[in-house]
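Trainee: Before we go through this model, I would like to ask how each label in it is justified.
Mentor: Then let us take the labels one by one and set the values against the cut-offs.

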Amino acid sequence: MIFSKDVFLYTDKAYKKGEMVMILGKTMCPPTNSSRIQVDDHTFLLPPKLLAHSCEPNAYIDWETLTLKTLQSIPEGSLVTYHYGTSEDEYRIGKFWCECGSPSCIGEFQGFMFLSDKEKIRIKDFVSPYIRKKYFDSD
């Protein structure tokens, strides 16, 4: 799959693990906007650049600061990805077939609620407070 550098977020420099790549901002949008990030059942943010999905991403959302941070070092000019399952409970705009090619690729993505129990546990540390409360607070 080809991701346009004009639309998707690519690094403009090399980043070390744990560095902030982007402030997500506070621009609200409707749940029908395919570029949105779900914060809770009724709140959706529109990031400054479109974020690509990967089942083994190189970045994650820091929910306390609403920033995107690196999970690993990322070279300059690289596509920045996060796991949509960490923010999207039910992908209401439809489903898509993931083509990330990682060994842990989930294939069809419809939202966190449709992930296998194994995948839910694997990404648990990075899910939004909304998803954490809905699925894990009884742990």
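Mentor: Contact here means heavy atoms within 4.5 Å, and the model is a predicted one.

Trainee: With that cut-off, which residues is Glu 88 in contact with, leaving aside its neighbours within four places in sequence?

Mentor: Glu 88 is in contact with Arg 36, Ile 37, Gln 38, Tyr 82, Phe 109, Gly 111, Phe 112 and Ile 131, while Glu 88 itself is found in the loop between β7 (81-82) and β8 (96-97).

Trainee: Why is Glu 88 called buried?

Mentor: Buried means under 20% relative accessible area, and Glu 88 has a relative accessible area of 0%, so the label applies.

Trainee: What makes the approach of the Glu 88 side chain to Ser 87 a polar contact?

Mentor: A polar contact needs a pair of N or O atoms within 3.5 Å, and the side chain of Glu 88 makes such a contact with the side chain of Ser 87 at 3.5 Å; the side chain of Glu 88 also reaches the backbone nitrogen of Gln 38, at 3.0 Å.

Trainee: How do you know that Cys 55 and Cys 98 are not bonded through their sulfurs?

Mentor: A disulfide requires two cysteine sulfur atoms within 2.5 Å, whereas the sulfur of Cys 55 is 3.7 Å from its closest cysteine sulfur, in Cys 98, and is therefore too far for a bond. By this rule the count comes to zero disulfides.

Trainee: Why do Cys 29 and Cys 55 count as buried?

Mentor: The cut-off is under 20%, and Cys 29 is at 12% relative accessibility and Cys 55 at 0%, so both count as buried.

Technical notes:
Residues numbered from 1 in each chain as written. Predicted model: local features only at pLDDT ≥ 70, side-chain atom pairs only at ≥ 80, totals over all residues. Heavy atoms only, no water. Buried < 20%, exposed > 50% of the residue type's maximum accessible area, 1.4 Å probe, protein only. Helix = DSSP H or I, 4+ residues; strand = E, 2+ residues; numbered from the N terminus. Polar contact = N/O pair within 3.5 Å; in protein donor to acceptor, adjacent residues only side chain to side chain.
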